[in-house]
Amino acid sequence: MSGAENTPLRAASTHEQPIAALLSVLAQASVLKRLPRTGWLLNGVTPCESVADHTAGVALLTLALANAINADWRSAGLERPLDVGRAVILAVLHDLAESIVTDLPKRSTQLLGSENKRRAEANAIAAIFDDASKVNDYTILWDEYTSNHSPEARLVHDADALDMVHQALCYELAGHRTLDEFWQGHRWHYRLCEQLFEVLHKSRA
């Protein structure tokens, strides 16, 4: 068989790889759409938001917070403006591992240990992106988020908590009265996020 005859076969094989990877990401996204946030279920909130719902909220809030902080980034104690695009990517990725390990509630993490949970989630991220070496852009970004090694990662941690307490407020305003735990134990990296939390807390019925 000539080289010219082989070319279409090689091209097809080359194109199959990114298609397979994209289909895998779509499948994980579909799981997140169906996966409820376990903490709400354990506190009697049914129906409740999905992990995908939460991820969308965190990403949008991260975008808004980053732009607000960048308007006066020096007063926030930063050495440079936040990389808004990087922060939003971290927000999109931050709970992706739950499509495999599921949304483990706080009580499960306490029993398993936070390091065991982090290791399992790291393995899940590597599997999702099919990276045997566990080193690629997405696994590095996910590790940046979990390790809190950048101002962008710290912002996403704040946005993650703020989206959760805002959702708790929404459920409380709808009549749920068992959600005190979601308001407790927060440590904020940015004063703006702490101020937003204070406003939300004062809005509780």
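**Start with the whole chain**

Colour the protein by secondary structure and you will find ten helices and zero strands. This is a predicted model, so please read each stop on the tour with that in mind. Walking along the sequence, you meet the pattern α-α-α-α-α-α-α-α-α-α.

Now switch on a surface. The accessible surface comes to about 11,700 Å², and carbon and sulfur atoms account for 57% of that area. Of the 205 residues in the protein, 40% are buried. How much of the contact network joins residues at least 24 apart? Among contacts between residues at least 6 apart in sequence, the share is 66%.

**Stop 1: the largest pocket**

Select Lys106, Thr109, Lys117, Asp160 and Met164, and centre your view on them. Among the 40 residues that line the largest pocket, these five lie nearest its centre. The pocket has a volume of about 1,300 Å³.

Next, show the helices around the largest pocket. Those that each supply at least two residues of its lining are α2 (38-42), α6 (106-112), α7 (114-128), α8 (137-147) and α9 (151-173).

Try colouring the lining by residue type. You should see eleven nonpolar residues, 15 polar ones and 14 charged ones.

**Stop 2: the second largest pocket**

Move on to the second largest pocket, which holds about 430 Å³ of space. Select Val25, Leu93, Leu96, Ile128 and Phe129: of the 19 residues lining this pocket, they are the closest to its centre.

Which helices should you display here, each with at least two residues in the lining? Choose α1 (3-34), α3 (51-70) and α4 (84-93). Helix α1 gives the largest share of the lining, nine residues.

Colour this lining by type as well. The lining of the second largest pocket divides into 14 nonpolar residues, three polar and two charged.

**Stop 3: aromatic rings**

Hide the surface and show the side chains of Phe, Tyr and Trp. The count comes to five aromatic pairs. Begin with Trp183 and Phe197, whose rings form a tilted pair, 5.9 Å centre to centre with 45° between the planes. This pair links distant parts of the chain: Trp183 sits in the loop between α9 and α10 (191-202), while Phe197 belongs to helix α10, and the two are 14 residues apart. Both Trp183 and Phe197 are buried.

Keep Phe197 selected and add Trp188. The ring centres of Trp188 and Phe197 are 5.3 Å apart and their planes meet at 40°, so this pair is tilted. Trp188 is buried, because its relative accessible area is 18% and the cut-off for buried is under 20%. Phe197, with a relative accessible area of 12%, is also buried by that rule.

For another group of rings, select Trp40, Tyr171 and Phe182. Ring pairs link these three residues into a cluster.

**Stop 4: Leu60**

Go to helix α3 and pick out Leu60. Is Leu60 buried or exposed? Its relative accessibility is 60%, so Leu60 counts as exposed, the cut-off being over 50%.

Then add Ala91 to the selection. Leu60 and Ala91 are 31 residues apart in sequence, yet their C-alpha atoms are 8.7 Å apart in space.

**Stop 5: backbone details**

Finish with the backbone, starting in the loop between α2 and α3, where you will find Pro47. The peptide bond leading from Thr46 to Pro47 is cis, with omega near -10°.

Now select Thr102, in the loop between α5 (98-101) and α6. Phi of Thr102 is near 70°, which is a positive value in a residue other than glycine. Thr102 has a relative accessible area of 37%, so it is partly exposed.

Your last selection is Asn148, in the loop between α8 and α9. What is phi for Asn148? Phi there is near 60°, again a positive value in a residue other than glycine. With a relative accessible area of 23%, Asn148 is partly exposed.

Conventions: Residues numbered from 1 in each chain as written. Predicted model: local features only at pLDDT ≥ 70, side-chain atom pairs only at ≥ 80, totals over all residues. Heavy atoms only, no water. 1 Å grid on protein atoms, 1.4 Å probe; cavity = no way out; pocket = protein on both sides within 12 Å on 5 of 7 lines; lining within 4 Å. Points joined across faces, edges and corners; volume = space filled by probe spheres on them. Helix = DSSP H or I, 4+ residues; strand = E, 2+ residues; numbered from the N terminus. Nonpolar A, V, L, I, M, F, W, Y, C, P; charged D, E, K, R; others polar. Phe/Tyr/Trp six-rings, centres within 6.5 Å; stacked < 30°, edge-to-face > 60°. Buried < 20%, exposed > 50% of the residue type's maximum accessible area, 1.4 Å probe, protein only. Contact = heavy atoms within 4.5 Å. Areas by Shrake-Rupley, 256 points an atom, 1.4 Å probe, with all protein chains shown as cover.
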